[in-house]
Amino acid sequence: MRRLSGDEAAGIRAAAPRRRDFLAASALAVLSPRLKAASARPNILFAISDDQSFAHTGASGDPVVRTPAFDRVASEGVRFSHAFCSSPSCTPSRGAILTGQECYRLEEGVNLWSSLPARFETFPDLLEAAGYHVGYTRKGWGPGSLDASGRTRNPAGPRFGDFRSFHDAGPSGAPFCFWFGSNDPHRRYEKGSGRASGLRPEGVPVPEFLPDATEIRSDILDYYFEIERFDRQLGEILAFLEERSQLDNTIVIVTSDNGMPFPRAKADLYDYGSRVPLAVRWPDRIPGGRVTSDFVSLVDLAPTILEAAQLEPPSDMTGVSLLSLLESDGQGRIEPGRDQVILARERHTPWRAGRVGYPMRGIRTHWHFYIRNLEPDRWPAGDPPIFGEVDPSPTKDYMRDRKDTPGVKRYFEAAFSKRPGEELYDLSTDPGQMRNVAGRDSYAAIKQSLASRLDDHLMATLDPRALGRPPTWEADPHYGRLRLEDRR
């Protein structure tokens, strides 16, 4: 892609159609009169798990994991079956959620263990300035350095020990916004905890990109155990609000920052890395019991929250409010313009020669998934033999130890081997995204169309790579500790 001149880039900034502009008119047109006339501003409970894929809730059909709190929010509100994070890595995903901007617009904030420059406004700060009582517990934005960001506190707000202490500290009559940031189901897990809790391995639906083995089923059960713990704690907060007659005027948003910490999931753009659970409940305003398959990004949550609080989202937010979807009576596909989502990744961990990342961009539609690997000569999972981009786990050990074994080899290669510059998946025949058809002549037109749509979005949202401006991201500091024993 050629480098743009300064005048060309300025023209794109001013005139190119953006996802926000494309959808804003239809969103405003269907906002209900009752929302516009509302005088009481809602409370906001934002609950985010840490590394949970879209498929792993009872409401989405998983037969083993038990998530009654999420299922309640989904059944009494709206469940989004095609919700995606901006980047399948904790720090950039959370930065994108808080700012309502694509992760690659956040400068060094696009990397894991980075910083989020203070000039980027976050929705908790904007709500606080408008009179909201704000705070968070456990994992807010991060991991990264607040000092390097020029911030005096976490972008999610002031820290509290738990929701009750936050609630009791609020000024009388002030609406609140609370970020419940669980550390579950992030690794490491207590081995055998899933079985010990009563979960049985026989019914576990093993994803198509993993070998079906006893060790892996057990590892998934341990992951389920931590999802259930997050769900129980969410249920306790819901019960607390219900006892105080505050639940119905509280927007409850439940999601995750990225997918499950398994090979070819977390830190990859594929569905189990970037597609996340999302349910929203607000009975004072939105009809419940609905599922929408419209494509939404977690960058849409900040403008949604601000608009529900009767605040104007800042113009630099690339996300588009979901209020029109939430207030609709429809099911399935509701807004035709929400027919794609854009995904990105830069440096997850620097476990490569030169401490560089693995930059990727992708576009996901209902029927196809196109991925562009910008540095295909690099190892996507980190340099061998450590493959440090993938969290240590029994599943990782199982696959590495058997990498040449028939029946395992193809899974190992899909997760750990080098990849071509372009990938294309036909989701009608390959929902697990295991057969790359980018090189087939019969898919050439589809690939070109998706590549053009991806380029249009990246240019319109000023991705430095698309604009021909070499980013400095790979030279930016990594503020975490890199210990060999953590990545073996």
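## A strand to start from

Let's begin with one pairing: Ile48 has Gly181 as its bridge partner in β5. This comes from a predicted model, so read everything below with that in mind. Ile48 belongs with strand β1 (residues 43-49), which pairs with β5 in the parallel sense over 5 bridges. Strand β4 (residues 133-138) also runs parallel to β5, joined to it by 6 bridges. In that pairing, Gly135 has Phe178 in β5 as its bridge partner.

How many residues of strand β5 are buried? The count is 6 of the 6 residues in 176-181, so the strand is largely enclosed by the rest of the structure. Both of its faces are covered. Phe176, Phe178 and Phe180 are buried on one side, while Cys177, Trp179 and Gly181 are buried on the other.

## The sheet around it

Zooming out, β5 is part of an open sheet of 7 strands with mixed pairing, in the order β4-β5-β1-β6-β8-β2-β9. At the edges stand β4 and β9 (290-292), each with a single partner strand, so one side of each has no neighbour in the sheet. On average, neighbouring strands here are turned by 15° against each other, direction ignored.

As for the antiparallel part of the mix, strand β2 (residues 78-80) and strand β8 (residues 278-281) run that way, joined by 2 bridges. Within this pairing, Val78 stands opposite Val280 in β8. Helices also come into the picture: α10 (residues 214-243) packs on the sheet and touches β1, β4, β5 and β6 (250-256). The direction of α10 makes about 170° with that of β1. Helix α5 (residues 90-99) lies across β1 and β5, running at about 165° to β1.

## Two helices that cross

Now for a helix pair: the axes of α14 (residues 394-401) and α15 (residues 409-416) come within 9 Å and cross at roughly 115°. The crossing of α14 and α15 is left-handed. On the α14 side, Lys396, Met399 and Arg400 meet Tyr411, Phe412, Ala415 and Phe416 of α15.

## Salt bridges

A search of the whole structure turns up 36 salt bridges. One of them joins Lys266 and Asp391, with the closest N and O atoms 3.1 Å apart. These partners sit 125 residues apart: Lys266 is in the loop between β6 and α11 (271-274), and Asp391 is in the loop between β13 (368-373) and α14. Both are buried.

Arg275 and Asp271 form another bridge, at 3.2 Å from N to O, and both of these residues are buried too. Glu243 and Arg244 also meet in a salt bridge, at 3.3 Å. Here Glu243 counts as exposed at 60% relative accessibility, whereas Arg244 is partly exposed at 35%. There's also a network of salt bridges linking Arg72, Glu76, Glu242, Asp248 and Arg281.

## Two charged residues in loops

Asp476 sits in the loop between α16 (444-460) and α17 (484-487). Which side chain of opposite charge is nearest to Asp476? That would be Arg347, 6.5 Å away; Asp476 is buried yet has no salt bridge. Leaving aside neighbours within four places in sequence, Asp476 is in contact with Glu108, Asn111 and Arg347.

Arg352 lies in the loop between β11 (341-345) and β12 (360-364). With 6% relative accessibility, Arg352 counts as buried. Not counting residues up to four places away in sequence, the residues Arg352 touches include Arg345, Tyr358, Trp379, Asp383 and Glu389.

Conventions. Residues numbered from 1 in each chain as written. Predicted model: local features only at pLDDT ≥ 70, side-chain atom pairs only at ≥ 80, totals over all residues. Heavy atoms only, no water. Helix = DSSP H or I, 4+ residues; strand = E, 2+ residues; numbered from the N terminus. Buried < 20%, exposed > 50% of the residue type's maximum accessible area, 1.4 Å probe, protein only. Lys, Arg positive; Asp, Glu negative; His and termini not counted. Salt bridge = Lys/Arg side-chain N within 4 Å of Asp/Glu carboxyl O. Contact = heavy atoms within 4.5 Å. Pairing = 2+ DSSP bridges. Axes fitted to C-alpha atoms, helices over the stretch in contact; angles between N-to-C directions. Left-handed = near helix turned anticlockwise from the far one by under 90°.
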